[in-house]
Amino acid sequence: MARDHTHEHSHGHAPHPFQPDLEDTPLTHYQAMTQAVGDLLIEKGVFSADELRATLESIDARSPAAGARMVARAWVDEAFKAHMLEDVNAAAQELGIDAGGIPIRAVENTEVLHNVIVCTLCSCYPRLLIGLPPDWYKSRSYRSRTVREPRTVLAEFGTVIPEQVEVRVHDSTADLRYLVIPARPAGTDGWDEAALAEIVTRDCMVGVTLPKVPAF
Amino acid sequence: MSPRFGVGAAVQVRAAFPPGHVRTPFFVRGKSGRVTEILGPYRNPEELAYGRSGEPALPLYRVIFETASLWDDYQGAAKDTTLVDIYENWLDPVETRT
Amino acid sequence: MSKLTKESPAVLRRHHDMGGLPAGPVERAEHDYAPWEKRVDAILRLLADPKRRLITTDELRRGIEELGPGAYDEMSYYERWIASVTNNLLEKGVISVDELGRRMAEVKAAWPAGRAAESKP
């Protein structure tokens with residue numbers, strides 16, 4: 001087998017996807033493993049290069065915007081919110097959003113309850129609705145401390161929860177993923193859904209921050 | 001498999017420490033809580049992890065704990081709570097007297 | 001009940017099961033995912049999808065847990081993922097050790113200017 005085989009695929013797809021920006025940096029052991037495993041799986045017909053490319057595009061297309069649209073709709077439409085609290089995956093379909101096959105559960109913040117999501121055992125996260133998790137979500141600090149000192153961790157995000165509000169930590173240990181529906185902030189009366197969705201950030205939907213209304 | 005516990009049931013997480021792949025966090029083992037929801041049957045992760053079918057599926061519960069009961073030195077509010085999803089093989093009943 | 005955690009030997013607690021352990025402040029710095037990291041994610045999604053069902057979430061998790069405490073802390077998130085995915089594929093016979101080793105050597109040799117980093121054992 002030619003040494004440059006990885007650049008000359010015989011199965012009719014685009015040249016090997018070395019990234020120009022990455023070529024300036026050393027190739028690590030695990031990067032080489034990733035390249036080799038993907039190429040071998042394509043050659044063996046486990047999946048096609050097109051399937052891999054389509055999956056990469058779908059990963060890039062996932063962002064917190066989908067979750068934010070759902071939260072904004074829930075804020076203006078009580079029936080939708082009820083549907084979302086009952087079954088996020090089905091409610092997502094109502095908006096033409098594919099939330100995937102893993103069941104997602106929404107938990108709602110109120111005047112007396114603040115929810116925050118963590119995965120102490122790994123890094124489970126509702127990826128299809130809010131994209132890939134940020135580094136801090138996967139960090140030892142967040143995973144260790146959120147269950148033991150949630151209010152201190154929240155304060156590190158600038159979120160101070162009053163003593164009279166219950167802080168409820170959800171450890172996503174099993175088959176479900178969790179998403180926070182933040183409370184609609186004051187000062188947003190009359191806003192349309194698109195404007196509301198803009199203030200619903202990824203971090204709000206993990207429960208580490210609250211939606212902020214920009215000062216005018 | 002019909003669920004052994006109903007919503008509202010007082011349960012205790014087994015204080016067990018098997019060496020393999022399990023999804024019950026260390027910090028709730030031996031602790032008592034209450035079932036808030038039966039999430040349904042899910043394939044057993046302790047079997048799935050080793051390439052087997054995960055059948056029979058197990059009832060999966062949402063269990064709520066008072067956070068202050070989980071830690072000796074909890075600094076938050078007394079009303080704070082923690083919810084963890086736990087498979088039925090990890091739960092024992094708790095006798096409740098009212 | 002609260003005595004349990006204190007009195008249980010630490011050896012009974014597996015290293016990935018970190019809820020409640022002491023740790024420093026949460027660092028909020030983030031990085032954009034590199035193409036190779038997204039490729040790991042895509043490979044896993046395809047292997048786990050209903051069409052293939054070659055790996056389950058729990059097989060991925062077990063593989064990560066079995067990397068051991070040192071690897072768990074020293075490797076990045078997607079390094080752990082690809083290591084676990086690869087071990088699972090080897091166990092299932094989807095790929096062989098020999099072909100993987102040869103192909104990785106080819107990939108490293110083909111890297112521009114041969115700047116492959118020293119591979120760590």
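Guide: Start with the term itself: a nonpolar core is a set of buried Ala, Val, Leu, Ile, Met, Phe, Trp, Tyr and Cys residues joined through C-beta atoms within 7 Å. The model in front of you is predicted, and its largest such core has 98 residues.

Visitor: Which residues have the most contacts inside that core?

Guide: From chain A they are A:Val37, A:Val71 and A:Val200; from chain C, C:Ile43, C:Ile82 and C:Val85. A core residue has to be buried, so each of these has 20 or more other C-beta atoms within 10 Å of its own.

Visitor: What does C:Ile82 touch, sequence neighbours aside?

Guide: Leaving out neighbours within four places in sequence, C:Ile82 is in contact with A:Tyr30, A:Met33, A:Thr34, A:Val37 and C:Val40. A:Val37 is itself on the list of residues with the most contacts in the core.

Visitor: Staying with helix H2 (residues 29-43) of chain A and helix H6 (residues 97-110) of chain C, why is their arrangement called oblique?

Guide: Their axes come within 9 Å and cross at roughly 120°. Roughly perpendicular stops at 115 degrees and roughly antiparallel needs over 145, so the pair H2(A) and H6(C) ends up as oblique. As for hand, this crossing is right-handed.

Visitor: Which residues make that contact?

Guide: H2(A) brings A:Ala32, A:Met33, A:Gln35, A:Ala36, A:Asp39 and A:Leu40. H6(C) answers with C:Glu99, C:Leu100, C:Arg103, C:Met104, C:Val107 and C:Lys108.

Visitor: What makes A:Gln35 the polar one there?

Guide: Gln is in neither the nonpolar nor the charged list, so A:Gln35 counts as polar. Overall, the contact has seven nonpolar, one polar and four charged residues.

Visitor: How many residues does each side give where chain A meets chain B?

Guide: Chain A gives 18 residues and chain B gives 19. On the chain A side, helix H10 (150-156) and strand E3 (166-171) are the elements that supply two or more residues. E3(A) has the largest share, with six residues. By class, this side has seven nonpolar, three polar and eight charged residues.

Visitor: What does chain B look like along its sequence?

Guide: The order is β-β-α-β-α-β-β, which fits its tally of two helices and five strands. Its C-alpha atoms fill a box of roughly 45 × 30 × 20 Å along the principal axes. Of its 98 residues, 41% are buried.

Visitor: And what is the make-up of chain A?

Guide: Chain A has 12 helices and four strands, with 45% of its 216 residues counted as buried.

Key
Residues numbered from 1 in each chain as written. Chains lettered and ligands numbered in written order. Predicted model: local features only at pLDDT ≥ 70, side-chain atom pairs only at ≥ 80, totals over all residues. Buried ≥ 20, exposed ≤ 12 C-beta atoms within 10 Å, placed from the backbone. Axes fitted to C-alpha atoms, helices over the stretch in contact; angles between N-to-C directions. Parallel < 35°, antiparallel > 145°, perpendicular 65-115°, else oblique. Left-handed = near helix turned anticlockwise from the far one by under 90°. Contact = placed C-beta atoms within 7 Å.
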